[in-house]
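Happy to walk through some charged side-chain pairs with you. Here is the model, followed by a few questions about how its labels are earned.

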Amino acid sequence: RFIARPCAINLGIQDSGPHRAQPNAILEKVFTSITKSPDGKRLEGLSKQLDWDVRKIQRWFRHRRNQDKPTTLTKFCESMWRFTFYLSIFFYGIRFLWTVPWFWDTRQCWYNYPFQPLTSRLYYYYILELAFYWSLMFSQFTDIKRKDFLIMFVHHLATIGLITFSYMNNMVRVGTLVLCLHDASDFLLEAAKLANYAKYQRLCDAFFMLFGVVFIVTRLGIYPFWILNTTLFESWELIGPYPSWWLFNGLLITLQFLHIIWSYLIIRTAYKALVRGKV
């Protein structure tokens with residue numbers, strides 16, 4: 001409200017919504033109670049009832065649908081908040097992990113388990129991440145609705161489950177690696193969105209391509225061969241399997257399936273961008 005909004009206005013982003021549909025009680029009732037996209041038969045019936053041209057009614061429904069969409073300013077503010085958090089927490093995580101032994105040798109995640117000290121820096125890192133994902137879990141119902149709502153809902157559930165479960169079981173060492181790895185690409189996507197809303201097309205394309213590369217390298221390369229390798233095989237070797245081991249790895253594998261779905265969408269978008277010349 002006090003930072004993102006002035007930035008957006010300075011970049012020329014206006015708080016004006018799309019063209020509003022003219023008031024009409026009959027069409028409004030159909031829109032809210034029956035359908036937002038009427039078929040040909042219903043359009044003909046409404047045309048006779050109102051003595052309007054079918055195209056005029058189609059235009060009214062298009063304007064009415066667009067009327068409910070959030071403004072570019074609203075989307076800019078939401079993305080700027082997320083960009084700020086993801087960037088800050090990523091650098092905090094990197095700075096913290098750079099000084100700990102398990103960042104350089106993942107087998108250190110399991111030595112002396114579960115009797116591993118919980119330092120204050122590690123505690124704050126975990127609690128900040130958990131608080132943020134809980135906020136996303138609740139705010140996704142009031143935030144801007146996007147096409148990947150259901151996938152994001154599953155993602156938030158899996159993430160909160162993993163953070164809480166790993167904290168309760170003192171698996172925080174490997175947990176910090178998972179968190180930092182996921183934060184590595186998120187701020188780049190939000191940066192691409194900000195550039196897009198501000199109509200800096202080349203900057204948007206550059207950020208998106210960089211995001212795509214980092215996402216695929218971290219989620220399809222480093223995550224399975226570094227994270228899943230230590231949770232599935234090194235932990236089995238050093239501490240052996242136990243009941244919660246199956247749940248922990250089940251949630252991590254669920255995340256991997258989500259990574260594959262998103263990677264496919266990113267590659268498809270990148271391909272379209274190369275064909276069209278822009279994202």
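A salt bridge is a side-chain nitrogen of Lys or Arg within 4 Å of a carboxyl oxygen of Asp or Glu. Keep in mind that this is a predicted model.

Q: Why is the contact between E237 and R107 called a salt bridge?
A: The N to O distance for E237 and R107 is 3.1 Å, and the cut-off is within 4 Å, so the pair qualifies. The two residues come from distant parts of the chain, 130 residues apart: E237 sits in helix α9 (residues 201-238), R107 in the loop between α5 and α6 (120-139).

Q: What makes E237 count as buried or exposed?
A: Its relative accessibility is 55%, and exposed means over 50%, so E237 counts as exposed. Its partner R107 has 24%, which lies between the 20% and 50% limits, so R107 is partly exposed.

Q: How do you know that D186 and R219 form a salt bridge?
A: Their closest N and O atoms are 3.3 Å apart, and that is within 4 Å, so the label fits. D186 belongs to helix α8 (residues 172-197) and R219 to helix α9, so the pair ties together parts 33 residues apart in sequence.

Q: Why is R219 called buried?
A: Buried means under 20%, and R219 has 2% relative accessibility, so it counts as buried. D186, at 15%, is buried too.

Q: What makes E78 and R82 a salt bridge?
A: The closest N and O atoms are 3.9 Å apart, which is within 4 Å, so the pair counts. Both residues lie in helix α5 (residues 72-97), 4 residues apart, about one turn of the helix.

Terms used. Residues numbered from 1 in each chain as written. Predicted model: local features only at pLDDT ≥ 70, side-chain atom pairs only at ≥ 80, totals over all residues. Heavy atoms only, no water. Buried < 20%, exposed > 50% of the residue type's maximum accessible area, 1.4 Å probe, protein only.
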